[in-house]
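Good morning, and thank you for coming. I should like to introduce a structure that is new to this group. Please look at the display before I begin.

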Amino acid sequence: MNRVTKAAGPPVDVAVLGGGMSGLVAGLAAAESGAEVLVLEASSVVGGSMALSGGLIWAPRDLHTARRYIPRGRADLQRLLCDGIDEAWAWLESLGLPLEPAIDCLKDDMGIGRLMGLGVGGDRHEFAEAMVHQLERLGGRVICESPPSAVDRSEGQWSLSSGGFSVTARSVVSATGGFQNNSAMLREFVTPEAEHVLVRSNRTSDGFGVDRFRRLGAALSNAMSSFYGHSLPVTPQPLDPSMFIPASQYYSDYTIALNRLGLRFTDESIGVLDEHNAQIGSRQPDASYFLVFDQAIRDEYVTGRAGLPGVLGAQVEDRLDLVRSLGGSVLRSDTIEGIAELLQERGVPADNVLDTINSFNRAGDPVLDLIPPRTRGYQRLESPPFYAVECRAAITYTMGGLLVDDRCRVLDREGTPMKGLYAAGADAGGVFQDVYGGGLGWAAVSGLRAGRNAAL
């Protein structure tokens, strides 16, 4: 990819902040529309969190489904996603970026998606590099290791600086991938336990776009406290990114989740893929919790189950064996009392554990009798042996960001579009809240819309 010396660069029509999925799509769309495009990427490689993902570009199968599962997300943006995903798939293929046939995916087959045809689950760098190749073919440029240090607007144009490099642009697309690597913003918006939360994504998305543009007058979206992420096992050493997918405890929706007080803290069945448990778990002491289940649940949901249908990297023959191999804690006992005693050894009050599990098992109506309620997938723990897996909340990307309209224009606090400013992907916040609906799908749809409008 193109690299330039750290000096003043020639003016461009569109500058894109971020070289992940949404940024590369926006750059491609703008370049295809005839604009002179520059993409600035903070990391030494392109791809962002997309390069570490399973590679499934998906969306809820229709707006009705999106509203059913994600009622607090913005309906107008969800309509854009559901109506625009087919066009986004076709557009990617028109650029020579291969996709696998469509598959049903996620809980109750609520989504429909297509896997990237390059790379493998957990390593989609090849797909990202192919996107860069197409962008360069269209005359665009990508500069890596160039985190923006300053962005301002004056005299009808944007000026951007990155170290000793500077450039001016008519339009800017903020596609910096969320603020999961910014502890201060996580404390401000997500959890007081920010220092304990793990990051299961790229290590450069620090909220620069969201933070800088809000200081220039941009309004923030809904969902600032929400994120997409997963429950990862507590391990003695940080996980290698290749383990982000296989080590995620996708089955948590079917367990009892206990915090370090021995109490349930959420309806575990909310969400489509463990993400809601990770969100609420991030606000528990040390952002940690235990997933408790029995052999019946292990046989049906833990062993040999694919967390992401069609994504080979998520298929683990025995997820508990993997946790053990990583040095994680898997407690096992033939009795519930035994599990309570093992948790007591880790500082969790055994009496609370017993009371919580027994109350859960006695529920006649799990919605009315339990606090928090259990709205789906209620199954008593009664088939020994019993298990408890120690987990910590891990963020992939934050759901809140800049407030955008249906053209992906960033709005100020009065609801007026800010001249020449667009956002895509995680930075275009609010399409999801509490529950996940397809990050790569939204990155593709919003990036395509932002890039085309920025080029006008």
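I shall go from the overall chain to one sheet, then to the cysteines, and finally to a single leucine.

Please note at the outset that this is a predicted model. The chain has 456 residues, and its radius of gyration is 22 Å; a compact globule with that number of residues would have a value near 23 Å, so the two agree. Along its principal axes, the C-alpha trace extends over about 70 × 40 × 40 Å. In secondary structure, the chain contains 12 helices and 17 strands.

How much of the chain is buried? Buried residues amount to 62% of the 456. The area that the chain exposes is about 16400 Å², and 49% of it is supplied by carbon and sulfur atoms. As for contacts with a separation of 6 or more, 73% of them link residues that lie 24 or more positions apart.

Let us turn to one sheet. Three strands make up this open sheet, arranged in the order β3-β5-β4 with antiparallel pairing. At its edges are β3, residues 56–60, and β4, residues 103–105, each of which pairs on one side only. From one strand to the next, the twist averages 35°. Between β3 and β5, the latter covering residues 111–115, the antiparallel pairing runs over five bridges. Within it, W58 stands opposite G113 of β5. Which helix packs on this sheet? Helix α3, residues 75–94, does so, touching β3 and β5, and its direction makes about 155° with that of β3.

I come now to the cysteines. In general terms, a disulfide is a covalent bond between the sulfur atoms of two cysteines. How many disulfides does the model contain? The count is zero, taking a cut-off of 2.5 Å between cysteine sulfur atoms. For C82, the nearest cysteine sulfur belongs to C105 and is 12 Å away, so C82 is in no disulfide by that cut-off. Is C82 buried or exposed? Its relative accessibility is 11%, so C82 counts as buried. C391 is likewise counted as buried, because its relative accessibility is 0%.

Finally, consider L331, which is located in strand β14, residues 330–333. L331 has a relative accessible area of 5% and is therefore buried. Which residues does L331 touch, beyond its neighbours within four places in sequence? Its contacts are I339, L342, L343, R346, F386, Y387 and A388. M243 is 88 residues from L331 along the chain, and their C-alpha atoms are 21 Å apart.

Key: Residues are numbered from 1 along each chain as its sequence is written. This is a predicted model: local features need pLDDT of at least 70, side-chain atom pairs count only at pLDDT 80 or more; totals for chains, interfaces and linings use all residues. Side-chain values use heavy atoms; hydrogens and water are left out. Two strands pair if DSSP finds at least two bridges between them. Helices (H or I, at least four residues) and strands (E, at least two) are DSSP runs, numbered from the N terminus. Axes are lines fitted to C-alpha atoms, for helices over the stretch in contact, and angles run from 0 to 180 degrees between N-to-C directions. Contact means heavy atoms within 4.5 Å. Buried means under 20% relative accessible area, exposed over 50%, partly exposed in between (1.4 Å probe, protein chains only). The radius of gyration is taken over C-alpha atoms; the globule rule is 2.2 Å times the number of residues to the power 0.38. Accessible areas come from the Shrake-Rupley method with a 1.4 Å probe; for residues, only the protein chains shown count as cover.
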